[in-house]
Amino acid sequence: MSATTTWGTTTGSLLRASGLRAAYSTGGDTEVMAVDDVSIDLREGEVLGIAGESGSGKSTLGAVLSLTHRPPLYVKSGELEVEGEILRLGAGQEPPRLWRGKVVSLLPQGAMNSISPTLRIRDFAYDVIRAHEPGAKRSEAIDRARQRLTQLSLPPRVLDYYPHQLSGGMKQRVVTVLSTLLDPKLLIADEPTSALDVSSQRILIEMLRDMLEQRIISGVIFVTHDLPVLNTVADRIAIMYAGKVVEIGAAQEIINRAWHPYSGALLNSVLVPEPQVRRRRVAGIPGSPPNLANPPKACRFHPRCSLAMDICSEEDPPEVGDERRFSACWWSQSNPGKSVLSVSEVAG
Ligand SMILES: Nc1ncnc2c1ncn2[C@@H]1O[C@H](COP(=O)(O)OP(=O)(O)OP(=O)(O)O)[C@@H](O)[C@H]1O
């Protein structure tokens, strides 16, 4: 098996998630199906970006993949396979505690601002390690954190600081290091750069690259609404719309040759891609994302899609392509391998 990645050597499958379905219970019999039949895979050394408008289900997918979901969010079904070890998810299935933090670790949205201001960084480091290794000695835990900081060229003296003594960028880097102290295989980072200035974003992304190259972690799922950031960080990108992955593929393929009408519109509304593509304009996306308590029938994007055909409102769209590069779309079915950017109705 071979694949190219900009970061390190890609060898084999790290994560295979299939048929994930998760819903928020909203009282009585009602629920919001925020992740609906999502399947993704990640190879070792890869960064998979998850992009989509607000409310498309990105953070919910991150919570499911990291096994950090809590009521009112319930995982209804699905399967995770990490390096050959299989975990079935669903009602009554309690995920093994060891997976959380050790196999998959979540760097949640807003993590750097949620750490208690009354604890020093070394206390957090001890807490992270002690949560999984109850017998861990404080001095050994802090030593491990010191070594890890040094390994990533961060000053170990930050262990003596309180969170407010660190700049925003340094705080996010330190929180990222703490979230990987248990050497998880997979890091799920939810909007890790959204509160940072451009230079701090770049430094954090370089640190993630360093973590992959040093094999501190083996893969990253990078959730963001910030497409220019994904352009610099992701090897592959999955585009989510209304709880579903509508397109997935190599980052540059998605950015320059989107197959799905939603991806084309989303990416071109914010990214400045290659010059030959930049001249083409994809129409803005009219309307707003659907209410997931009652999503449109068949293709969920059809009410907003300029390429919609009758069948789009009648039958679920097929996945055109393969698991590494597909578009879930009837238009793609009629135009296999064709980019929506080449179509006059949307390219203008
Ligand atoms: N606690 C909750 N109860 C009910 N519905 C919820 C809850 N949290 C999220 N949702 C709904 O689930 C859907 C997916 O939300 P999610 O936060 O995963 O989207 P997102 O793509 O991460 O958005 P953002 O970029 O704004 O964080 C949305 O329709 C949202 O309204």
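Which residues of α4 are buried? I started there, working throughout on a predicted model.

**Entry 1: helix α4**

I listed the buried residues of α4 as Ile 121, Asp 123, Phe 124, Ala 125, Tyr 126 and Ile 129. I then looked for what lies over them, and found that the cover includes α5 (138-151) and α6. For the length of α4, I noted 12 residues and a reach of 18 Å from the first C-alpha to the last, close to the 16 Å expected at 1.5 Å a residue.

**Entry 2: the second largest pocket**

α4 came up again when I turned to the pockets. I recorded a volume of about 410 Å³ for the second largest pocket. Its lining has 17 residues, and I noted Arg 100, Gly 101, Ser 105, Leu 106 and His 132 as those nearest the centre. Two or more lining residues come from each of α2 (99-102), β6 (104-107), α4 (121-132) and α6. I asked which element gives the most to this lining. It is α4, with four residues. Sorted by class, the lining of the second largest pocket has seven nonpolar, six polar and four charged residues.

I followed up Ser 105, one of the residues nearest the centre of that pocket. Ser 105 sits in strand β6. Is Ser 105 buried or exposed? I read a relative accessible area of 6% for Ser 105, so I entered this residue as buried. Beyond its neighbours within four places in sequence, Ser 105 is in contact with Ser 179, Pro 184, Leu 186, Leu 187 and Ile 188.

**Entry 3: the largest pocket**

I put the volume of the largest pocket at about 500 Å³. There are 27 residues lining the largest pocket, and Asp 37, Lys 244, Val 245, Glu 319 and Ala 328 are the closest to its centre. I found that β1 (13-25), β2 (31-43), β10 (244-250) and β12 (325-328) each supply at least two lining residues. The largest share, six residues, comes from β2. By class I counted 14 nonpolar, three polar and 10 charged residues in the lining of the largest pocket.

Asp 37 was worth a separate check. I placed Asp 37 in strand β2. What is its phi? The angle is positive, about 60°, although Asp 37 is not a glycine. I entered Asp 37 as partly exposed, at 47% relative accessibility.

**Entry 4: the cavity**

How many cavities of 30 Å³ or more are there? I got one. The space in the largest cavity is about 90 Å³. I noted 13 lining residues for the largest cavity, with Cys 299, Cys 305, Cys 312, Cys 329 and Trp 330 nearest its centre. The lining of the largest cavity divides into 11 nonpolar residues, two polar and no charged.

**Entry 5: helix α7**

I next took α7, which runs over residues 198-213 and has 16 residues. From its first C-alpha to its last, α7 reaches 23 Å, close to the 22 Å expected at 1.5 Å a residue. Its buried residues are Ser 200, Gln 201, Leu 204, Ile 205, Met 207, Leu 208, Met 211 and Leu 212. Why do the buried residues of α7 line one face of the helix? Looking down the axis of α7, I saw that they fall within an arc of 155°, so one face carries them. The elements covering these residues include β3 (47-51), α6 (168-179), β7 (186-190), β8 (219-223) and α8 (227-233).

I also looked at the loop between β7 and α7, where Glu 191 is found. Glu 191 has a positive phi, near 50°, in a residue other than glycine. At 8% relative accessibility, I counted Glu 191 as buried.

**Entry 6: strand β4 and the loop before it**

I looked up Lys 76, which is in strand β4 (residues 73-82). Lys 76 is partly exposed, at 36% relative accessibility. Which residues does Lys 76 touch, not counting those up to four places away in sequence? I listed Arg 21, Ala 22, Ala 23, Glu 31, Met 33, Leu 89, Gly 90 and Ala 91. I also noted that Lys 76 and Gly 92, 16 residues apart in sequence, are 9.4 Å apart in space, C-alpha to C-alpha.

In the loop between α1 (58-65) and β4 I found Pro 72. Pro 71 and Pro 72 are joined by a cis peptide bond, with omega about 10°.

Technical notes:
Residues are numbered from 1 along each chain as its sequence is written. This is a predicted model: local features need pLDDT of at least 70, side-chain atom pairs count only at pLDDT 80 or more; totals for chains, interfaces and linings use all residues. Side-chain values use heavy atoms; hydrogens and water are left out. On a 1 Å grid over the protein atoms alone, a cavity is a set of points where a 1.4 Å probe fits but cannot get out, and a pocket is an open set with protein on both sides within 12 Å along at least five of seven lines; lining residues have an atom within 4 Å of a point. Grid points are joined across faces, edges and corners, and a volume is the space filled by probe spheres set on the points. Ala, Val, Leu, Ile, Met, Phe, Trp, Tyr, Cys and Pro count as nonpolar, Asp, Glu, Lys and Arg as charged, and the others, Gly among them, as polar. The expected span of a helix is 1.5 Å times one less than its number of residues. Buried means under 20% relative accessible area, exposed over 50%, partly exposed in between (1.4 Å probe, protein chains only). The arc is that of the directions from the helix axis to the C-beta atoms. Contact means heavy atoms within 4.5 Å.
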